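Got the viewer open and a selection tool handy? Here is a short tour, one stop at a time, with what to pick and what you will find there.

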Amino acid sequence: MTERRKHLEFLRKTARDAIWAGDYERALSLYEDGLALARSWKDRDLEDLFTCNRATTLLEMDRQDFDLSGLKEILLRSPTSPNGVLAAYASAHAHEVRGELARATFYAQTALQKSRDLRLDEWTAASMNLLANLELRESRFESAKALFEEALGRLEERGDGLSREGAVVSDNLGYCHIAMDRVEVGMPYVERAISLLDSLGARQAMDYPCLDLCFAMLKLDRLDQGESWGIRALGLGNEFGREDVVKNSHYLLAEIYATMGRADRADEHYEALANYYPDFPALKNYLHQISLTGMLNLRA
Amino acid sequence: MGAFMAQQHFPDMAIPLATRKVNLVGSRIRELRKGHRLTQMELSERIGVAQSDLSRMEQGEYKVGLDTLFKLLQVFDLKIGEFFGESETAGPEDRELVTEYRGLSDEARQEVRDFVRFKKMQQQARPEDSTEEKE
């Protein structure tokens with residue numbers, strides 16, 4: 001590896017750590033530095049790599065101010081290289097964020113196929129996880145579960161079962177079981193994920209596991225524990241600017257308080273949730289009367 | 001012993017007054033859609049899901065996010081009684097009560113709500129009393 005590549009690999013590793021710690025601005029800044037360096041060296045391969053990394057980071061930040069067609073050009077230009085896998089993966093993620101699920105699935109399958117062909121096990125597991133998340137959004141829980149299980153198996157074979165990536169897949173698998181009302185089967189996967197992410201300092205990835213446990217506890221009628229996980233999820237959602245987590249946390253907490261008979265607390269969370277829907281003034285009244293939990297998919 | 005007796009007399013005081021809710025389920029969505037004379041195609045377009053997904057939703061197989069669930073409630077624009085499947089509407093006495101309630105101060109409204117809660121708890125604790133009252 002050349003000195004240049006070593007330097008940029010260090011930048012990438014530092015940026016990845018920043019993402020897991022929730023410091024997206026720093027990660028973005030590092031990737032943009034890398035991109036500028038790659039361009040100044042006229043190294044197309046590295047430029048493509050940093051372009052993909054930058055796009056993925058922006059997506060994590062709920063931003064789409066990058067050139068999606070540029071990612072597809074990379075895919076066409078590098079059909080048999082790791083950059084092609086990364087470009088397909090980032091394209092899938094971008095379409096997922098836009099709600100274009102069929103296109104997202106196409107690119108996720110492309111990323112999966114290419115990563116298998118190139119024997120990039122880590123990316124194979126990541127692509128499976130992405131594809132499974134798309135299945136989850138479409139309520140195809142059994143199919144999602146099988147993909148998550150395979151992804152987790154692959155990570156464990158590589159000795160990465162206890163990594164941050166392994167924790168995320170474990171949480172997703174746990175959620176599948178919880179959504180299918182196999183709460184007792186799913187909870188250990190989610191608990192394992194929380195414990196791992198906590199020990200690895202990946203706080204920003206703990207929001208969904210906390211939300212999943214809140215949902216599980218509500219289903220089991222273990223309301224005190226549900227309240228505690230819901231409060232944690234809400235705090236993390238607010239801290240890292242995840243609107244979907246915040247809204248789901250408010251809803252689940254309101255349901256928990258309503259079931260407890262703590263009407264005032266429930267009302268606070270229904271009110272907070274209703275504030276997101278100013279064109280639906282009657283929403284809070286409906287929520288006081290109707291439970292949506294049986295139809296709710298936290299990953300949709 | 002005295003405290004024990006007090007608990008026996010007020011069994012519901014220790015139990016939180018939980019809100020009784022109706023669960024939204026697929027079959028109810030189907031009924032409401034038909035009640036509003038909407039085809040699956042029309043409703044699916046209005047809530048932003050594919051028709052095949054709405055079909056799965058009505059069968060209880062397809063779960064969605066809060067945004068879609070709220071769109072569904074908004075499309076149906078339900079009166080709560082309608083959701084519960086009740087056909088009767090509020091009579092003139094009920095409507096008068098609501099009008100008077102709306103004319104109260106916030107503090108007074110809170111007192112009314114507290115009183116209604118108290119009466120409901122009392123009724124749950126001693127259901128025979130409410131029967132006697134009626135008679």
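Before clicking on anything, keep in mind that this is a predicted model.

**Stop 1: chain A as a whole**

Select chain A and colour by secondary structure: you should be looking at 15 helices and 1 strand. The radius of gyration of chain A is 20 Å, close to the 19 Å that the globule rule gives for 300 residues, so chain A is as compact as a globular protein of that length. If you line the view up with the principal axes, the C-alpha atoms of chain A fill a box of roughly 65 × 40 × 35 Å.

**Stop 2: α5 and α7 of chain A**

Now select residues 82-97 of chain A, which make up helix α5, together with residues 121-137 of chain A, helix α7. Their axes come within 11 Å and cross at roughly 20°, so α5(A) and α7(A) are roughly parallel to each other. The crossing is a left-handed one.

Show side chains for the contact. From α5(A), pick Val85(A), Tyr89(A), Ala92(A), His93(A) and Glu96(A); from α7(A), pick Trp123(A), Ala126(A), Ser127(A), Leu130(A) and Leu134(A). Colour this set by residue class and you get 7 nonpolar, 2 polar and 1 charged.

**Stop 3: on from α7 to α9**

Keep α7(A) selected and add helix α9 of chain A, residues 164-179. What angle do the axes of α7(A) and α9(A) make? They cross at roughly 25° and come within 11 Å, so this pair is roughly parallel as well. The crossing of α7(A) and α9(A) is left-handed.

On the α7(A) side, the residues to display are Ala125(A), Ala126(A), Asn129(A), Ala132(A), Asn133(A) and Leu136(A). They meet Glu165(A), Val169(A), Asn172(A) and Cys176(A) in α9(A). By class, this contact splits into 6 nonpolar, 3 polar and 1 charged. Take a second look at Ala126(A): this residue is in the contact with α5(A) and also in the one with α9(A).

**Stop 4: where chain A touches chain B**

Bring chain B into view. The contact between the chains takes 25 residues from chain A and 22 residues from chain B. On the chain A side, select α13 (243-260), α15 (283-289) and β1 (290-291), each of which supplies at least two residues. Which of the elements gives the largest share? That is α13(A), with 6 residues. Sorted by class, the chain A side has 14 nonpolar, 9 polar and 2 charged residues.

Zoom in on β1(A) next. It pairs with strand β1 of chain B, residues 22-23, in the parallel sense over 2 bridges. To find one of the partners, click Ile290(A) and look across to Val22(B) in β1(B).

**Stop 5: α3 and α5 of chain B**

For the last stop, hide chain A and select residues 40-47 of chain B (helix α3) and residues 66-76 of chain B (helix α5). Here the axes come within 9 Å and cross at roughly 125°, so α3(B) and α5(B) are oblique to each other. In this case α3(B) passes α5(B) in a right-handed crossing.

Display Leu43(B), Arg46(B) and Ile47(B) in α3(B), which meet Thr68(B), Lys71(B), Leu72(B) and Val75(B) in α5(B). The class colouring gives 4 nonpolar, 1 polar and 2 charged residues for this contact.

Note on methods: Residues numbered from 1 in each chain as written. Chains lettered and ligands numbered in written order. Predicted model: local features only at pLDDT ≥ 70, side-chain atom pairs only at ≥ 80, totals over all residues. Axes fitted to C-alpha atoms, helices over the stretch in contact; angles between N-to-C directions. Helix = DSSP H or I, 4+ residues; strand = E, 2+ residues; numbered from the N terminus. Parallel < 35°, antiparallel > 145°, perpendicular 65-115°, else oblique. Left-handed = near helix turned anticlockwise from the far one by under 90°. Contact = placed C-beta atoms within 7 Å. Nonpolar A, V, L, I, M, F, W, Y, C, P; charged D, E, K, R; others polar. Pairing = 2+ DSSP bridges. Rg over C-alpha atoms; globule rule 2.2 N^0.38 Å.
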